[in-house]
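Thanks for asking me to look this one over. My notes are below, in the order I would read them with the model open on the screen.

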Amino acid sequence: MMKRKVKIKLLKVYEITSLFTQKEIAYAETRIDPKLTLVGLFSLKEAMFKAGLVDGRADNFSELEITHDSNGKPVFPGYQLSISHSKN
């Protein structure tokens with residue numbers, strides 16, 4: 001498997017697998033703009049951590065897996081999630 005990197009805020013570079021599960025990466029690759037999809041997933045994970053919703057569940061973002069239902073809506077057990085993207 002080829003190692004991929006993604007640039008996040010403040011020009012820090014992380015291995016993409018330290019932030020996302022293989023299923024999340026595979027899902028993003030099926031979308032029109034994979035980077036935008038990953039940014040949305042990252043934002044969800046960050047918001048969940050900051051809100052204390054996943055305290056004690058995971059040591060890092062890659063341990064949280066956000067899946068999608070048949071309509072493409074993000075799913076995390078026990079929570080209703082929503083992502084909105086804007087090109088403005």
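The points below go from the overall fold to the core, and then to a few residues in one helix.

1. First, a reminder that this is a predicted model. The chain's secondary structure comes to two helices and five strands, and along the sequence they follow the pattern β-β-α-α-β-β-β.

2. Some totals for the chain. It has 88 residues, of which 28% count as buried. The accessible surface is about 6,500 Å², and 53% of that belongs to carbon and sulfur atoms. If you take the contacts between residues at least 6 apart in sequence, 34% of them join residues at least 24 apart.

3. Now the inside. In soluble globular proteins, nonpolar side chains tend to be buried together. Here the largest nonpolar core has 16 residues, and F20, L38, I66, F76 and L81 are those with the most contacts inside it. Helices α1 (22–29) and α2 (34–50) each supply at least two residues of this core. The most comes from α2, which gives five.

4. Helix α2 is worth a closer look. Its 17 residues should span 24 Å at 1.5 Å a residue, and the end C-alpha atoms are 24 Å apart, so the two values agree. Buried residues in α2 include T37, L38, G40, L41 and L44. After the helix comes G52, which has a positive phi, near 75°.

5. Which residues does F20 touch, leaving aside its neighbours within four places in sequence? They are I25, L38, L41, F42, K45 and S62. Two of these partners, F42 and K45, get their own points below.

6. F42 lies in helix α2. This residue counts as buried because its relative accessibility is 16%, under the 20% cut-off. F42 forms one aromatic cluster with F49 and F61, and the structure holds three aromatic pairs. F42 and L19 are 23 residues apart along the chain, yet 7.4 Å separates their C-alpha atoms.

7. Is K45 buried or exposed? You may want to check this lysine yourself: K45, also in helix α2, has 0% relative accessibility and therefore counts as buried. Beyond its neighbours within four places in sequence, K45 is in contact with L19, F20, T21, E24, F61, S62, L64 and I66. Among those partners, F20 and I66 are also on the list of residues with the most contacts inside the largest nonpolar core.

Note on methods. Residues numbered from 1 in each chain as written. Predicted model: local features only at pLDDT ≥ 70, side-chain atom pairs only at ≥ 80, totals over all residues. Heavy atoms only, no water. Core = buried A, V, L, I, M, F, W, Y, C linked by side-chain atoms within 4.5 Å. Buried < 20%, exposed > 50% of the residue type's maximum accessible area, 1.4 Å probe, protein only. Helix = DSSP H or I, 4+ residues; strand = E, 2+ residues; numbered from the N terminus. Contact = heavy atoms within 4.5 Å. Phe/Tyr/Trp six-rings, centres within 6.5 Å; stacked < 30°, edge-to-face > 60°. Expected span 1.5 Å × (residues − 1). Areas by Shrake-Rupley, 256 points an atom, 1.4 Å probe, with all protein chains shown as cover.
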